[in-house]
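Work through the exercises below with the sequence and the model in view, and try each task before reading its solution.

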Amino acid sequence: MSAPVAGAVAVLGGTGCMGRHICAAFAGRGARVVAVSRRRTPVVDAYRFLPMDVVQCTAEELAAVLTAERVDTVVNATLGWGRTEEEMGYTNVRLVERLLDAARSMAHPPRLVHLGTIHEYGPVSHGTLIDEGLPPRPQTLYARAKLTASRMVLDAVRAGLLDGIVLRVTNTIGPYPAPESFFGALAARLRDVAAGEGVELTVADARRDYVDVRDAADAVVRAARSPLADPLVNLGRGEALHIRELVDALVRATGLPPESIRERPGDVAGRSAGADWIRVDNSRAGRLLGWRPRYDVDASMRDLWDTVRPAPPMSSRASSGSPNSATTVLCEVDPARRRRSPGGDGRRRR
Ligand SMILES: NC(=O)c1ccc[n+]([C@@H]2O[C@H](COP(=O)([O-])OP(=O)(O)OC[C@H]3O[C@@H](n4cnc5c(N)ncnc54)[C@H](OP(=O)(O)O)[C@@H]3O)[C@@H](O)[C@H]2O)c1
């Protein structure tokens, strides 16, 4: 556990899959959280919330908001999706331009923790340990846009114009997965399947590094407060697991028999397409942030399943008194995420 956090933290994208855990992690360390996104969802009910399309603000407006809120850390956990370079760049690149311009104009600019992605490195050969020195060669629109934004942040930090850090995060698993993510969608299918029917599934013949989303959020909090020698840190579990192993862990978590999954050959599309091998070198994260992954895959999949599985019957829900019932969670994730607009987020990914 990292040290308590004193000041205010603006989490841009606070309603998102990463953002909700980042808000919770900062709040858990005593920080005042200001969540920002275009649409409010119940995920941010516990925090101050500002409904803003950050791309549509001027740099001056954004600087004025951050100053008025006395924000000393900004986390960029936003994400956009699209089919063209322009759509993909709307949130992924233009929002970062706005943020950097705003920070430059502020008398006391906040520290920026920018979430990049491991996909910025592009496909690597089998066996590669992906460290921060690997030359990025992204192949997809998404990865190229993310690399452009990360480079803008890194250039500003290295030129002494900004206090900030880029975390290149690998794919995540754990509670509240994106419904359209591979494991989020699979968990929903396993929930909805009729008894004894099973699910037919194409499983990529790939080994990838998946980290628990709560571990990633913990690293963000550490990055906000660590005086670092280097502004670029990769984040991952440090293991390349076969997708089939991860599927098996999810099926175990559901309690269904292993034969509930019937494998079907074929290609798999999404954010990670073409990435047949991902294993992250997380030694810099360990050295500079004192970070290490805490959740093993079975724990991540159990907690993922707990947020997707059918709600318990009304009687047991009433007696449990838990504010985090599966019903509450499922209602707020789906509808908001399907109404994606500029930046084209009606996406199929990972
Ligand atoms: N999830 C992962 O497994 C993973 C792995 C590696 C890296 N990352 C990185 O982590 C970041 C977050 O990913 P995510 O999966 O959490 O994304 P997400 O679930 O799609 O959340 C995106 C968030 O950004 C907000 N947003 C989008 N455009 C905005 C705009 N113009 N102004 C204000 N808010 C905006 C969204 O809310 P509104 O749409 O309501 O505005 C939402 O809160 C991304 O940079 C991604 O590359 C994620």
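A residue is called buried if 20 or more other C-beta atoms lie within 10 Å of its own, exposed if 12 or fewer do, and partly exposed in between, with C-beta atoms placed from the backbone. The model is a predicted one, in which local features need pLDDT of at least 70 and side-chain atom pairs count only at pLDDT 80 or more, while totals for chains, interfaces and linings use all residues. Residues are numbered from 1 along each chain as its sequence is written.

**Exercise 1. Describe the protein chain as a whole.**

Begin with burial: of the 350 residues of the protein chain, 47% count as buried. Next, list the elements, taking helices (H or I, at least four residues) and strands (E, at least two) as DSSP runs numbered from the N terminus; the protein chain has 11 helices and 13 strands.

**Exercise 2. Find which elements and residues surround the ligand.**

A residue is near the ligand if its C-beta atom, placed from the backbone, lies within 6 Å of it. There are 29 residues around the ligand, and G13, G16, M18, S37 and R38 come nearest. Now turn to the elements: α1 (17-28), β2 (32-37), α3 (85-104), β5 (111-117) and β7 (171-173) each supply at least two residues of this shell, and α1 gives the most, with three residues. Finally, sort the shell by type, counting Ala, Val, Leu, Ile, Met, Phe, Trp, Tyr, Cys and Pro as nonpolar, Asp, Glu, Lys and Arg as charged, and the others, Gly among them, as polar; the shell then divides into 13 nonpolar, 12 polar and four charged residues.

**Exercise 3. Work out how α3 packs against helix α4 (residues 141-158).**

Axes are lines fitted to C-alpha atoms, for helices over the stretch in contact, and angles run from 0 to 180 degrees between N-to-C directions. The angle between α3 and α4 is about 10°, and their axes are 9 Å apart. Angles under 35 degrees count as roughly parallel, over 145 as roughly antiparallel, 65 to 115 as roughly perpendicular and the rest as oblique, and α3 and α4 are therefore roughly parallel to each other. Two residues are in contact if their C-beta atoms, placed from the backbone, lie within 7 Å; the contact includes M88, V96 and L100 of α3 and A145, M152 and V153 of α4. By type, the residues of this contact divide into 11 nonpolar, three polar and three charged.

**Exercise 4. Identify the residues through which helices α5 and α7 meet.**

Helix α5 (residues 182-192) and helix α7 (residues 243-254) pack at an angle of about 35°, with their axes 11 Å apart. From α5 come F183, L186, A187 and L190, which meet V247, L250 and T254 in α7. The residues of this contact comprise six nonpolar, one polar and no charged.
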